[in-house]
Each structure stands twice: as C-alpha cells, then as structure tokens.
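Welcome! Take a moment to turn the structure around on your screen, and then follow the notes below, topic by topic.

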Amino acid sequence: TIIEGCDKFCAYCVVPYTRGKERSRTSDSVLNEARRMAESGYTEIQLLGQNVNSYQDPSEKNSFADLLAAIGEIRGIRRVRFTTSHPRDFRRDIVEAIDSVPTLCDHVHLPVQSGSSRVLASMSREYTREQYLDRIALIRAAKNRRISITTDVIVGFPGETEAEFDETLSLLDEVGYDGIFSFKYSARPNTPSLRYADSIPDEEKWRRLQALNAKQREIQIIRFSSHLGEIIEVMVESENVARAQLIGRTSQKKTLN
C-alpha cells in the first residue's frame, strides 16, 4: 500500500467516510520496502491504493510514474503492477513509464463506471465520457507495447435511462476492454446516493447487467483470440489437479491455463 484514503467522494461510495482523506507514504519508504522484498526472493510487486495514481510523495522526490519506474529497476523484480487508478489523475507519464520499463506490467485497470456523461456527473466521478476516452487514447498510443485495459462498470444507477445504458454498451465497443468487473447498483449506508430516488426495478438492473456481460463476452473472445499462437511468460499461482493444469497470469493480467 502506497496511498490510503480517498478524496474523490463518488456518490455511491463510503470509502472517504470510513478511511479518511488521501495519505501517501514517502517514496523512500516504498522503495526501501520493495528492495527488502526483492532481497527476500519476491519477484512481483503490486502497488495498492484506493486511487493509486493519485499518489503524492510527501518528500516531493518522485511522481507516481517515477516511483513505478524506480521499483521496476530494482534488481530481482520481474513484474510491477498497480491498482486502482482514477481517471481524473491518470496522466501520460504513467503510459511512458510502462512503455519504457519492461518490468512494468502492460496492463491498466481504469474504472469508468458508466458511459454516460450525465450519469458520471450524478455519480460525482469528476470526468466526462470524452475525458475518459482521452485517457484511453493515451494508453492506446503506447509506442512499444500493447497495454491491456480493464474496467469497472455499475448499471442501474438511480436515474439511468435506457439510452444512457446504451451509451455504456457503446463505450465497451469503442474501448475494446480486455475485461470488466460489472455490478448492479445497490445503495450503501451513509453515501450521497441514498438521497437519490432508486427508481429502477431490480429485475431491470439484472437485465442490464446480463446485457452488459454478454456484450463484453463478444469483445473478449475477439481480444483473447489475438493471442492464439503466442508463447507468453506467466507467473504460476495455482494448480488445477483435476485437469493437470498450472494456472498463472500473463503480464497483461490475463489468466492462462
């Protein structure tokens, strides 16, 4: 963990109220811990934070991208991951670091939550659809590596119309995600969205969730098929004894059996 807390106050989320404001560790403390891990034999490090790319070094020595690159250059470290990024604070230098430091995994998890700018405003996400797509364009513009992109999506947020849900479906087509984590909206205690009229029936939320996942399956088959015939390095994490298979992840965080 390199940053704790959250300053974003999304309407559906209780984290800022339970974990407080964003607080970052010094880059020296993070790097020292990473070196100790490497000396102990660890080869993969994941940097964590509610909004990990909102990291602000209290000592003002390193930006988030600088910290990523520095950890990636530690002897013995073979993979560096980070999660979760907030689109508002996602910048070009992060892509440049991934593009230039081979140990940084070629994967970005960039939650969008909705493809509708009006719904995003109602969620207090602090960006529009167009601004989010600008961040996607930065990732797609990487010169040396094909960076996989995954996301989070909420369907059935209070007031989401059928047309606005269709905007989310069209965003999936436009971005071409390698994977999504999808959820139907449910009210959480002590969140601003509790004041909103949750007028969408639960069965309609389920229908939208199923439609979203069906759309993503179509996209994912195409995305994953592009790897057929490749030989890819994985870190083995478990075993399926019944099928006599090892299970690992690629640097793009795709599961490989």
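**A lysine to start with**

Lysine 184 is found in strand E7. Keep in mind as you read that this is a predicted model. From this one residue we can move on to its sheet, then to other parts of the chain, and finally to the chain as a whole.

**Around lysine 184**

- Is lysine 184 buried, exposed or partly exposed? Its relative accessibility is 23%, so lysine 184 counts as partly exposed; the buried class is kept for values under 20%.
- Leaving aside residues up to four places away in sequence, lysine 184 touches Val155, Asp202, Lys205, Trp206 and Leu209.
- With one of these, aspartate 202, there is a polar contact from side chain to side chain, at 2.8 Å.
- Lysine 253 lies 69 residues from lysine 184 in sequence, and the two C-alpha atoms are 24 Å apart in space.

**The sheet that holds E7**

- Three strands form an open sheet in the order E5-E6-E7, and their pairing is parallel.
- Why do strand E5 (107-109) and strand E7 (179-184) each have one side without a neighbour in the sheet? Both stand at the edges and have a single partner strand each, so that one side stays free of a neighbour in the sheet.
- From one strand to the next, the twist averages 10°.
- Strands of a sheet pair through backbone hydrogen bonds, in either a parallel or an antiparallel way.
- Here, E5 pairs with strand E6 (residues 148-155) in the parallel sense, over three bridges. Histidine 109, for example, has threonine 150 in E6 as its bridge partner.
- Helix H8 (residues 202-225) lies across E6 and E7, and runs at about 175° to E7.

**A hairpin to compare**

- Strand E8 (residues 235-240) and strand E9 (residues 245-249) run antiparallel and are joined by five bridges.
- Which residue of E9 stands opposite serine 238? Look for isoleucine 247.
- Four residues sit between the two strands of this hairpin, where alanine 244 takes a positive phi near 55°.

**A mostly covered helix**

- In helix H3 (residues 64-72), seven of the nine residues are buried. They are Phe64, Ala65, Leu67, Leu68, Ala69, Ile71 and Gly72.
- What covers them? The cover includes helix H2 (27-39), strand E3 (44-48), strand E4 (79-83) and helix H4 (92-100).

**An aspartate in a loop**

- Aspartate 89 has its place in the loop between E4 and H4, two elements that also help to cover H3.
- Its relative accessibility is 9%, so aspartate 89 counts as buried.
- The side chain of aspartate 89 makes a polar contact with the side chain of serine 54, at 2.5 Å.
- Not counting residues up to four places away in sequence, aspartate 89 touches Lys8, Asn53, Ser54 and Ile94.

**The chain as a whole**

- The chain has eight helices and 10 strands.
- Its radius of gyration is 19 Å, close to the 18 Å given by the globule rule for 257 residues, so the chain is as compact as a globular protein of that length.
- Along the principal axes, its C-alpha atoms fill a box of roughly 55 × 45 × 35 Å.
- Of the 257 residues, 48% are buried.
- Among contacts with a separation of 6 or more, 74% are between residues 24 or more positions apart.
- About 13000 Å² of the chain is exposed, and 51% of this comes from carbon and sulfur atoms.

Terms used
Residues are numbered from 1 along each chain as its sequence is written. This is a predicted model: local features need pLDDT of at least 70, side-chain atom pairs count only at pLDDT 80 or more; totals for chains, interfaces and linings use all residues. Side-chain values use heavy atoms; hydrogens and water are left out. Two strands pair if DSSP finds at least two bridges between them. Axes are lines fitted to C-alpha atoms, for helices over the stretch in contact, and angles run from 0 to 180 degrees between N-to-C directions. Contact means heavy atoms within 4.5 Å. Buried means under 20% relative accessible area, exposed over 50%, partly exposed in between (1.4 Å probe, protein chains only). A polar contact is a pair of N or O atoms within 3.5 Å; within protein, one must be able to donate a hydrogen and the other to accept it, and residues adjacent in sequence count only if both atoms are side-chain atoms. The radius of gyration is taken over C-alpha atoms; the globule rule is 2.2 Å times the number of residues to the power 0.38. Accessible areas come from the Shrake-Rupley method with a 1.4 Å probe; for residues, only the protein chains shown count as cover.
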